[in-house]
Amino acid sequence: MAVTATAEEEKRDLEVKNHPDALDTTVGISREEIAETLKVDEWGYDVVKAIVTSEDDPTEPVLTFRFWFLGTILGIFAGALGQLYTFKPQTVAVSSLMLSVFGYVGGMFLSKVLPTGILNPGKFTKKELALIVICASTGAKGVASTLIIGAKDLYFNQKYSYFDAIILVLTTQFIGYGAVGLFRTILVYPRRAFYPSALSGVSLFETLFAANINDKAFKLFWMATAGLFCWTFMPQYIAPTLIGVSVFCLANQNSPLFTQLFGGVNNNEGLGIGSISFDWNNIGDDGLVYPWVTQVNQMVGMVGCVVVIPILYYNNVWNAKSFPFMAQSLYLATGKKYNQTKILSNNALDEAKYAAYGQPFYSTSWAFNTMMQNMSVTAGIVHVALWHGKDIMAGVRAVITKPKDGEDKSTIQEGDFAELDDSYRLTSVHPEVPLWWYLTLMAVSVSLGFYICVKDDSLPWWAFLLTVFIALIFIIVSGLLAAFTGFSPPFKTFLQLIGGFLLPGRPIANMYFTTFGGNTIWEAVAMCTDLKIGQYMKIAPRAVFYAQMYGGFLGALIHWVLNHIILDTKRDILLDPNGDNNWSGQNIIGFNTKAITFGTLAPKLLAAGGTYEWLSYAFIIGAILPVPFWLGHKYFPKVGFNYVNTTILSWYFCIFTVGVNSGWLSRIILGFVFQLYLRKYQSAWFNKYTYILAAGLSAGTQLAVFVMSFALQGAGGLTIDFPFWLLNPDPASGKFSDYCTRAK
């Protein structure tokens, strides 16, 4: 929809009159010119001016044949890949950057071969590409609900009808989608809500369609993509030692203590202290793209984690030495694996069997992990309430209060949410998605979710409504943290614990409670990120809505079809805890185990007087943590208490209790180089190239991982192991890939 210059000028004049501070003074200046002089502060959100162009043609078509064709093809591909990896030993997320590369190549090809007209309205545009990626990446989501279907099928011998299974998958996605419409004025429109994790993709869209095809950023992206595509075969296949080079492990290859402290290339190997990683898949782009304030909080938490975990273990806290240094399983007091089937009858806790078999125990590192996650949740709630409570209430008033004629909604808000970025103003020439569309979507989704709960007779209606209500509150918390810092804590563990206390002894009810709550939060935050990308690219809001709805429906159908086929054909392998080289039920096993642990035993283990009562007390501690820093900033505003984010600190205090931990030192080094030195002292280079470099490095790595997974590592049905050599030691030698000993 085109808008006359007169109408635009009138709207802008009205903004200046009613809300002069909200006007972006860089309008009319190219992003290249801005990049030369812009000084980005430690909070990071000013970098958007150097990444996102202020130019736009609102008449560019976006819902083209090319969009529908490539959105469908890539949506099916992304949905199938996302579901397929749920059942693979190698869990790899579907990358939006990889989809961007595929979409760009496909779009440019179609623009050249299709006849001009309705099938080919002209040159392929960055808006079309962004919308294709939004649609396809939406199709990759929704896997969480299939875990319930798999767990009930494999462990409780309960199958859904085709209709109910599809409804379940759709519902768990669209409740979160519908909720987003309520919070757009808070989570999407403001300039301060800039979503750091989205900027690499936005930088890629802008760079691929830059006017100058010889632009240095354009070349840098393709060089980084090609270089990392080739290099990633080294650490991920040919030379796994490069995942984490540890001089400590090389110096002492026979010490279990050294393995625990300095090892980190294998899952649950150790803390990775001092390891240097040469694997971008392990390092990630956080050190380049996360704001400096976020990274400092993360670094403090990381250092705290590698200090606290050994102290807990070697002081035998929670009987630590009876269990592995790092593990996520349940154990008997003797250290043997806990067989949860011995305490269940008819899918519920049998008190007599439990009394005879005994209670389960966690490894101390995993108990500490759960405690700090719980602390992070309540710290996040209180942090957002203290620092942004007034702004949230102003945003809520903006939703429920209709502006007077000629009054812009920005005049209703205040504080961090008052300033709307220029992309929002340019996008606002298009009709907005009416609130009633989102409310209708949410009402229909909640009704269908209610139907599933009644039909299954597992989750009481009041518990279903409660978990959805909790999710609505946490969407604001999680969304604001993601928008401001790039970090958003998962709330799944918190919901599992709440469900366990409310519905003790009912594991299936716990699965539903967790999914309808946790998945709603996750889907909503992901959708907010996509809406912000659409805003940055000046795509009509209704076009983004159509793309998300279409991608969601398409992905849900693909998820269900593949899930149904694999559960029927690979049942025995999925039930085997070790799986095989090609298939694994590890995600369903983990989901079922937590449902048993939290849904059945939470009151016994975590209540006052229980072995792990401090895991519950952590909720109280987390709620108190932000208060001293908020008060400190209120009375001593120049000290810097506002830089402390206890949500991030709490989460990163347990970050190395699971997984591969050899990449964190490399990431910290990159953070100092890019977000401290280059941002402050080489600002022009930082503004122009950091985010496109991050996009290229990640795209090349993810493309390589995708190719390797299917061609060499079993995802395509064939496994080809690389021969053992110096940088790929034989596990039979008793050494991990970093030469730390496997001996306990």
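How much surface does the protein expose, and what share of it do carbon and sulfur atoms supply? About 29,100 Å² is exposed, with carbon and sulfur atoms supplying 65% of that area.

## The overall picture

Keep in mind that this is a predicted model. The protein has 744 residues, and 59% of them count as buried. Its secondary structure comes to 31 helices and 2 strands. Take the contacts between residues at least 6 apart in sequence: 79% of them join residues at least 24 apart.

## Helix α11 and its bend

Helix α11 runs over residues 216-238, and its 23 residues should span 33 Å at 1.5 Å a residue. The end C-alpha atoms sit 32 Å apart, which agrees with that figure. There is still a bend of about 30° in α11, located at Trp231, and Pro235 follows within four residues.

Plenty of α11 side chains are tucked away: its buried residues include Phe218, Phe221, Leu228, Phe233 and Tyr237. Pro235 is on the buried list too. As for what does the covering, α5 (96-113), α10 (199-208), α14 (280-283) and α31 (683-711) are among the elements over these residues.

## A nonpolar patch on the surface

Over on the surface, Phe450, Val454, Trp461, Trp462, Leu465 and Leu502 make a nonpolar patch of about 580 Å². Helices α20 (435-456) and α21 (461-485) are the elements that give two or more residues to the patch. The biggest contributor is α21, with 3 residues. Leu465 lies in α21, and it is partly exposed at a relative accessible area of 38%.

## Two buried spots

Asp164 belongs to helix α8 (residues 162-180). Buried or exposed? Its relative accessible area is 5%, so Asp164 is buried, the cut-off being under 20%. Beyond its neighbours within four places in sequence, Asp164 is in contact with Tyr451, Ile452 and Lys455.

Ala595, in helix α26 (residues 586-606), is buried as well, with 2% relative accessibility. Setting aside residues up to four places away in sequence, Ala595 touches Pro507, Asn510, Met511 and Thr600. Its C-alpha atom is 9.4 Å from that of Gly499, although the two residues are 96 apart along the chain.

## Salt bridges across the sequence

The structure holds 11 salt bridges. In one of them, the side chains of Asp56 and Lys127 meet at 2.7 Å, N to O. Asp56 is in the loop between α3 (48-51) and α4 (65-84) while Lys127 is in helix α6 (residues 126-139), so this pair ties together parts 71 residues apart in sequence. Asp56 is partly exposed at 26% relative accessible area, whereas Lys127 counts as buried at 3%.

Lys152 and Asp456 form another salt bridge, at 2.2 Å from N to O. Because Lys152 lies in helix α7 (residues 143-156) and Asp456 in helix α20, the pair links parts that are 304 residues apart in sequence. Lys152 counts as buried, at 2% relative accessibility. Then there is Glu432 with Arg184, whose closest N and O atoms are 3.3 Å apart. Glu432 lies in the loop between α19 (422-427) and α20, and Arg184 in helix α9 (residues 184-187), so parts 248 residues apart in sequence are tied together. Here Glu432 is partly exposed at 31% relative accessibility, while Arg184 is buried at 9%. Finally, Asp153, Lys159, Asp568 and Arg571 are linked in a salt-bridge network.

Definitions and conventions
Residues are numbered from 1 along each chain as its sequence is written. This is a predicted model: local features need pLDDT of at least 70, side-chain atom pairs count only at pLDDT 80 or more; totals for chains, interfaces and linings use all residues. Side-chain values use heavy atoms; hydrogens and water are left out. The expected span of a helix is 1.5 Å times one less than its number of residues. The bend at a residue is the angle between axes fitted to the seven residues ending there and the seven starting there. Buried means under 20% relative accessible area, exposed over 50%, partly exposed in between (1.4 Å probe, protein chains only). Contact means heavy atoms within 4.5 Å. Patches are made of residues with over 30% relative accessible area and no salt bridge: like charges are joined within 9 Å, nonpolar side chains (Val, Leu, Ile, Met, Phe, Trp, Tyr) within 5 Å. Accessible areas come from the Shrake-Rupley method with a 1.4 Å probe; for residues, only the protein chains shown count as cover. A salt bridge is a side-chain nitrogen of Lys or Arg within 4 Å of a carboxyl oxygen of Asp or Glu.
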